[in-house]
Amino acid sequence: MARARTIKPHFMRSRSMRAVSGMARLTFIQLWLIADDAGRIDARPLPLARRLYPGDAEAAGLLPGWLDELEGQHCIERYSVDGDDYLRIVNWRRHQKIYHPTPSRLPARPVGARQESGELHESLGSDGEKPCTAKALGPDCENSRALRETRESLGEKPQNPCGPALSPAFPSDSRGEGFFRRAAAAAQRVLMRG
């Protein structure tokens, strides 16, 4: 299934994208759309050409050349497992922030097939690895910041001793529902006073 992906503003100025043809650039972007959450793709030539360029009969013959250009710039890596062809997008997790990744159904590149180059490549076969959200303001960061600010206003932190006391009748749970019940109860108390 195709997914929405992010293209960074400096994409067209990157050294690797300036070194490949326009059709290789388009192919690279389209690979992002069909890659799974680990950046892996089934790379059998004819099915891949049909997915990337439906209805374009010439694409099947030209696609291997575009993939060669991308592999030459270390944008993708092609590999085989049990006779089946796959590819992975290099540095996938550095450029795509996936907050609830689905485990890949495709095999990881075998460790023995690692290409040696001067560049750092991401770890292999780590399906459970979540991207770092420290730099991205995604829903998790925004929710945790809102939670922290609301807790401070409710007097849960010692820095705010003047805040209203929390009711022990609402124990906290793993999904934060207890917190929202306490916040609603505190809001009701404030409304009843005023």
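The dialogue below asks how several descriptions of this predicted model are justified.

Reader: What makes α2 roughly perpendicular to α4?

Author: Helix α2 and helix α4, which spans residues 59–72, pack at an angle of about 85 degrees, with their axes 9 Å apart. Angles from 65 to 115 degrees count as roughly perpendicular, and that makes α2 roughly perpendicular to α4.

Reader: Which residues of the two helices meet, and how do they divide into nonpolar, polar and charged?

Author: On the side of α2, the residues are M23, A24, T27, F28 and L31, and they meet L63, W66, L67, E69 and L70 in α4. The residues of this contact divide into eight nonpolar, one polar and one charged. Since Glu counts as charged, E69 belongs to the charged class, while T27 falls among the polar residues because Thr is not listed as nonpolar or charged.

Reader: How do you know that D68 and R78 form a salt bridge?

Author: The cut-off is that a side-chain nitrogen of Lys or Arg lies within 4 Å of a carboxyl oxygen of Asp or Glu. For the side chains of D68 and R78 the distance from N to O is 2.2 Å, and they therefore meet in a salt bridge. D68 lies in helix α4 and R78 in strand β2, which covers residues 76–81, so the pair ties together parts that are ten residues apart in sequence. The structure holds six salt bridges, counted by this rule.

Reader: Why are D68 and R78 called partly exposed?

Author: Partly exposed is the class between buried, under 20% relative accessible area, and exposed, over 50%. D68 has a relative accessible area of 45% and R78 one of 29%, so both residues fall in that class.

Reader: What makes E77 and R88 a salt bridge, and are these residues buried or exposed?

Author: The closest N and O atoms of E77 and R88 are 3.1 Å apart, and because the limit is 4 Å, the pair counts as a salt bridge. It links distant parts of the chain, with E77 in strand β2 and R88 in strand β3, residues 84–89, eleven residues apart. E77 has a relative accessibility of 1% and R88 one of 5%, so under the 20% limit both count as buried.

Reader: Which residues do salt bridges that share partners join into one network?

Author: They join D68, E71 and R78. Besides its pairing with D68, R78 meets E71 in a salt bridge with an N to O distance of 3.0 Å.

Reader: Why does buried D36 have no salt bridge?

Author: The nearest side chain of opposite charge, R40, is 5.4 Å away, and because a salt bridge needs a distance within 4 Å, this pair does not qualify. D36 is found in the loop between α2 and β1. Leaving aside residues up to four places away in sequence, D36 touches R3, R5, W92, S104, R105 and L106.

Reader: What is the phi of H74 and of D82, and how exposed are these residues?

Author: H74, in the loop between α4 and β2, has a phi near 60 degrees, a positive value in a residue other than glycine. D82, in the loop between β2 and β3, has a positive phi of about 55 degrees although it is not a glycine. With 27% relative accessibility, H74 lies between the limits of 20% and 50% and so counts as partly exposed, whereas D82, with a relative accessible area of 76%, is over 50% and is therefore exposed.

Conventions
Residues numbered from 1 in each chain as written. Predicted model: local features only at pLDDT ≥ 70, side-chain atom pairs only at ≥ 80, totals over all residues. Heavy atoms only, no water. Helix = DSSP H or I, 4+ residues; strand = E, 2+ residues; numbered from the N terminus. Buried < 20%, exposed > 50% of the residue type's maximum accessible area, 1.4 Å probe, protein only. Lys, Arg positive; Asp, Glu negative; His and termini not counted. Contact = heavy atoms within 4.5 Å. Axes fitted to C-alpha atoms, helices over the stretch in contact; angles between N-to-C directions. Parallel < 35°, antiparallel > 145°, perpendicular 65-115°, else oblique.
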